[in-house]
Amino acid sequence: MKRILFVASESVPFIKTGGLADVVGSLPKYFDKEKYDVRVMIPKYMCMKQEWKEKLQYKTHFYMDLNWRSQYVGVLELVHEGVTFYFIDNEYYFAGMKPYGNIYEDIEKFAFFSKAALSALPLIDFRPDIIHCHDWQTGLVPIYLDNFRYGGEYYRGIKTVMTIHNLKFQGVWDKKKVKDITGLPDYYFVPDKLEAYKDANYLKGGIVYADKVTTVSNSYAGEIQTAFYGERLDGLMRARSNSLSGIVNGIDYNEYNPETDIFIPYHYTVDSFRKDKVKNKVELQKELGLNVDPKVMMIGIVSRLTDQKGFDLIAYVMDEMCQDAVEFVVLGTGDEKYENMFRHFAWKYNGKVSANIYYSEPMSHKIYAASDAFLMPSLFEPCGLSQLMSLRYGTLPIVRETGGLKDTVEPYNEFEKTGTGFSFSNYNAHEMMATVRYAERIYYDKKRDWNKMVERAMEKDFSWNNSAKQYENLYDSL
Ligand code: ADP
Ligand code: GLC
């Protein structure tokens, strides 16, 4: 039996700000339980829902030094759907309305979390063979582990995997401050270790010290070795290319299932979508005050509203696209400029554009089920889960060919009658609009082809089964 510990800053169903939480919370369920005991460790945030906080069982507590600070570390536990979750408790660090706030606070918060995660291991009776770290928040884990090895036998031999879900976020802060926070010796603060461009860089440290590095799609694994996508770490990514691989994400096929989804009014399958999917559209049109018309093409967007997702392209051509026979349904929060942009278009094109500037799991499911197409013109996209959810609900993705979008959406070929969506290659607003309009033409004029494509989309398998196997192989190779 191999023991694996995921260490991460968020996980469904407890706390989520993006796809990272989906991955951390769902992937562990899909390992071969006979051979792999995979557990998860996350912070116990005060902003978690009360219903979860109530269920957590106290396990142990101790005090830990973080340089000159002595801090309380509580450990709580909950077994959820067969997976053991550990929660690191400290009310000073994990208070707050959201998991992340100011970077200078987060830098100390996740130094604490990373060190506490390792320090807790001897007390919870779970010594992992492999610690699987996710994103910059856990970048210090491999570094502390290296440091701990000098202290004693317990930590020797534990291997690490670092998964990059988004290279844009690296956890960068002043070197002197990070020295003071972490208490790590000077030895680590040099350019071939924790330092990058004169600052301390958590993700870089994790990448340098991890035994294996992965990212969440094959294309992104290649892209981050280039200057455009490399976020100034492309040199490092090239240097580690022998240990770097891409494993595409899956989604939880039980959670996202149009046949059983508790959030959608009308269930459907690949056999019944032709008559039943549209009922969800009509229901949503009524709920959101859109013009009610079963025939009009509905385009959905569910996203963090940030530059990564290509919203500047949409800003350029939204007026033009709104001249067409389409409706837009947007669900998202993020940069104020994009929140206000969608509010503006909802006001200007009342009945055609619905802007829902909030976070809601139920509403996201309704949009995946109700829409005909899903627009995701990302500037970069390590994997993307929304397009996988869309495929599962027979909602055809319109995407830019980058990262995981390129690897998971096969563009429509009207001659060979293949494909599961639509895509364009350059980051250009008019190219995007031309692709949206091409999709409109197929939707209105070639309904048979469209429906065949929906069928293929729904039949694609992006459950975790395949990718979990690849992680198993990776663990076995260590
Ligand atoms: P990222 O992690 O970059 O935000 P992904 O596509 O990997 O992008 O994952 C986004 C996840 O967050 C999906 O599960 C999506 O449904 C969800 N999501 C994003 N915005 C919202 C929102 N406003 N309400 C509900 N779910 C959302
Ligand atoms: C990041 C990426 C997204 C990916 C998710 C889960 O948030 O932006 O593309 O799907 O992590 O790996």
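Student: What makes it right to say that ligand 1 lies between domain 1 and domain 2?

Tutor: In this predicted model, domain 1 (2-250 + 465-477) and domain 2 (273-461) both give residues to the shell around ligand 1, so the ligand lies between them. That shell holds 22 residues, and the closest of these are Gly19, Arg304, Lys309, Tyr368 and Leu385.

Student: How do you know that arginine 304 makes a polar contact with ligand 1?

Tutor: The term asks for a pair of N or O atoms within 3.5 Å, and a polar side-chain atom of arginine 304 lies 2.7 Å from an oxygen atom of ligand 1, so this pair qualifies. The side chain of tyrosine 368 also has an N or O atom 2.7 Å from an oxygen atom of the ligand, while tyrosine 358 brings a backbone N or O atom to 3.0 Å from a nitrogen atom of ligand 1. With the protein around it, 93% of the 570 Å² of accessible area that ligand 1 has on its own is covered.

Student: Which elements give two or more residues to the shell around ligand 1, and which one gives the most?

Tutor: Helix H1 (19-26), strand S13 (297-305), strand S14 (326-334), helix H12 (361-370) and helix H13 (386-392) each do so, and S13 gives the most, with 3 residues. Sorted by class, the shell has 8 nonpolar, 9 polar and 5 charged residues.

Student: How do you know that glutamate 381 makes a polar contact with ligand 2?

Tutor: Here an N or O atom in the glutamate 381 side chain is 2.5 Å from an oxygen atom of ligand 2, and since the cut-off is 3.5 Å, the pair counts as a polar contact. Backbone N or O atoms take part too, that of cysteine 383 at 3.0 Å from an oxygen atom of ligand 2 and that of glycine 384 at 2.8 Å from an oxygen atom of this ligand. The protein covers 93% of the 310 Å² that ligand 2 exposes on its own, and the shell around ligand 2 draws at least three residues from each of domain 1 and domain 2.

Student: Why is glutamine 170 called buried or exposed?

Tutor: Buried means under 20% relative accessible area, and glutamine 170 has 11%, so it is called buried. This residue is in the loop between strand S7 (159-164) and strand S8 (172-173), and its C-alpha atom is 5.2 Å from that of tryptophan 136, although the two are 34 residues apart along the chain.

Student: Why do glutamate 231 and arginine 232 fall into the classes they do?

Tutor: Glutamate 231 has a relative accessible area of 23%, which lies between the limits of 20% and 50%, so it is partly exposed. Arginine 232 has 55%, which is over 50%, and therefore counts as exposed.

Student: What makes the phi angles of these two residues worth noting?

Tutor: Most residues other than glycine have a negative phi. Glutamate 231, however, has a positive phi near 50 degrees, and arginine 232 has a positive phi near 70 degrees.

Student: How do you know that the peptide bond between valine 12 and proline 13 is cis or trans?

Tutor: Its omega is about 0 degrees, and the bond is cis. Most peptide bonds are trans. Proline 13 itself is in the loop between strand S1 (2-7) and H1.

Conventions. Residues numbered from 1 in each chain as written. Chains lettered and ligands numbered in written order. Predicted model: local features only at pLDDT ≥ 70, side-chain atom pairs only at ≥ 80, totals over all residues. Heavy atoms only, no water. Near = heavy atom within 4 Å. Polar contact = N/O pair within 3.5 Å; in protein donor to acceptor, adjacent residues only side chain to side chain. Areas by Shrake-Rupley, 256 points an atom, 1.4 Å probe, with all protein chains shown as cover. Helix = DSSP H or I, 4+ residues; strand = E, 2+ residues; numbered from the N terminus. Nonpolar A, V, L, I, M, F, W, Y, C, P; charged D, E, K, R; others polar. Domains from an automatic or database assignment. Buried < 20%, exposed > 50% of the residue type's maximum accessible area, 1.4 Å probe, protein only.
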